[in-house]
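I am opening my notebook to write down what I looked up, one entry at a time.

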Amino acid sequence: MIWVLILVACMVVVLPRVMERRRRTVTGAMREQAPGQIANLPAGKTYFEWRGPVGGPVAVCVHGVSTPSYVFDPLAERLTRMGFRVLTYDLYGRGLSGRPTGAQSCAFFAAQLDALLENQGVDDIDLLVGYSMGGSVVTRFTADAPDRVDRLVLIASAGLGTKLDRYMEFVVKTPVIGDWLMTVMPPRFATSVRPDISSAQPEHKYRGTLKSILSSYRWALSEDMMQDHRALGVAHVPVMAVWAEDDDAIAATSAGRLAKANRAAFQDVIKGADHGVVKTHVDEISAVLRDFLKNG
């Protein structure tokens, strides 16, 4: 009996490592097949893509916790029609970017954005857009350097209250066991697919992605951004927040908390939209953006 228990214990310890080793690595060939480019930044490779007219006002889009930069494809197209030169990129641990280890906090991702802008020779951003966790990242970046951002747009933004189902709440709050579950039994959000990677592998089938997502939940998504939003109000940075009426990931109290922190922030709610609003309601978001750019 004791040998059976030892065998089971060994399998429990070894299984996550075996499963992680069986996942694919992002290769140079995959990056070469993609339409964008790679920047070798201090913390790792970063995949990025420019679109729109050269010389146009710069718009930078920062994605959320799981789906890489392609989530912005529909909105980036609309922004280029408005005349923007649009920069999208994959956060560390996602898509075609590198998988560095360490705590993935808002400061960690803000440093990646800063390094990418320096790499590309961009000093000031005319329009900085953050979706979901990306909203927390761009809020931190702008609060640290308000003179570099002309306008800030938050879409279904984290940082003012998030929702977790019981499974993810347990995984996030329980070290060791949570790490095991995340590797062996990834949640449903891990089935998002990147169509421009050969074989269209789900994101979670790439080595290092699930660890990065879990680290982001424990660090970036656990940070409360109220103080940063207050700083944006003091700095008089124009802020526009777009919320989804039926968002299952962002707390319904977020809009009220933002209004309390920064009374000058513009806010709008997309009726009938869930957390995927940046993909499903791009026309409505574009209309709100045009109004914000005109009157904000």
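Leaving aside its neighbours within four places in sequence, which residues is Tyr92 in contact with? Before answering I note that I am reading a predicted model.

**Entry: Tyr92.** I listed the partners of Tyr92 beyond four places in sequence and found Leu41, Ala43, Gly44, Lys45 and Thr46, together with Ser97, Gly98, Pro100, Gln104, Phe108, Phe109 and Gln112. I then looked for the residue's place in the chain, and Tyr92 turned out to lie in the loop between strand E4 (85-89) and H4. Its relative accessible area is 2%, and since buried means under 20%, I entered Tyr92 as buried. I also checked one of these partners along the chain: Lys45 is 47 residues apart from Tyr92, while their C-alpha atoms are separated by 8.0 Å.

**Entry: Arg24.** I turned next to another loop residue, Arg24, whose place is between helix H1 (2-22) and helix H2 (28-33). With a relative accessible area of 30%, Arg24 is partly exposed. I looked up its separation from Tyr206 and found that the two are 182 residues apart in sequence, yet 4.7 Å apart in space from C-alpha to C-alpha.

**Entry: helix H5.** Does the length of this helix agree or disagree with its residue count? At 1.5 Å a residue, the 12 residues of H5 (residues 133-144) should span 16 Å, and I read 17 Å between the end C-alpha atoms, so the two agree. I then went through its burial and found H5 mostly covered, with 10 of its 12 residues buried. The buried ones run through Met133, Gly134, Gly135, Ser136, Val137, Val138, Thr139, Arg140, Phe141 and Thr142. As for what covers them, I noted that the cover includes strands E3 (58-62), E5 (127-131) and E6 (152-155), as well as helices H4 (106-119), H8 (209-218) and H9 (226-235).

**Entry: H3 against H12.** Two packed helices are described by the angle and the distance between their axes, so I looked up both. Helix H3 (residues 73-81) packs with helix H12 (residues 282-295) at an angle of about 40°, and the axes are 10 Å apart. That angle makes H3 oblique to H12, and I recorded their crossing as right-handed. On the H3 side the contact is made by Pro74, Leu75, Arg78 and Leu79, and on the H12 side by Val282, Asp283, Ile285, Ser286 and Leu289. Sorting this contact by class, I wrote down 6 nonpolar, 1 polar and 2 charged residues.

Methods. Residues are numbered from 1 along each chain as its sequence is written. This is a predicted model: local features need pLDDT of at least 70, side-chain atom pairs count only at pLDDT 80 or more; totals for chains, interfaces and linings use all residues. Side-chain values use heavy atoms; hydrogens and water are left out. Axes are lines fitted to C-alpha atoms, for helices over the stretch in contact, and angles run from 0 to 180 degrees between N-to-C directions. Helices (H or I, at least four residues) and strands (E, at least two) are DSSP runs, numbered from the N terminus. Angles under 35 degrees count as roughly parallel, over 145 as roughly antiparallel, 65 to 115 as roughly perpendicular and the rest as oblique. A crossing is left-handed if the near helix is turned anticlockwise from the far one by less than a right angle, and right-handed if clockwise. Contact means heavy atoms within 4.5 Å. Ala, Val, Leu, Ile, Met, Phe, Trp, Tyr, Cys and Pro count as nonpolar, Asp, Glu, Lys and Arg as charged, and the others, Gly among them, as polar. The expected span of a helix is 1.5 Å times one less than its number of residues. Buried means under 20% relative accessible area, exposed over 50%, partly exposed in between (1.4 Å probe, protein chains only).
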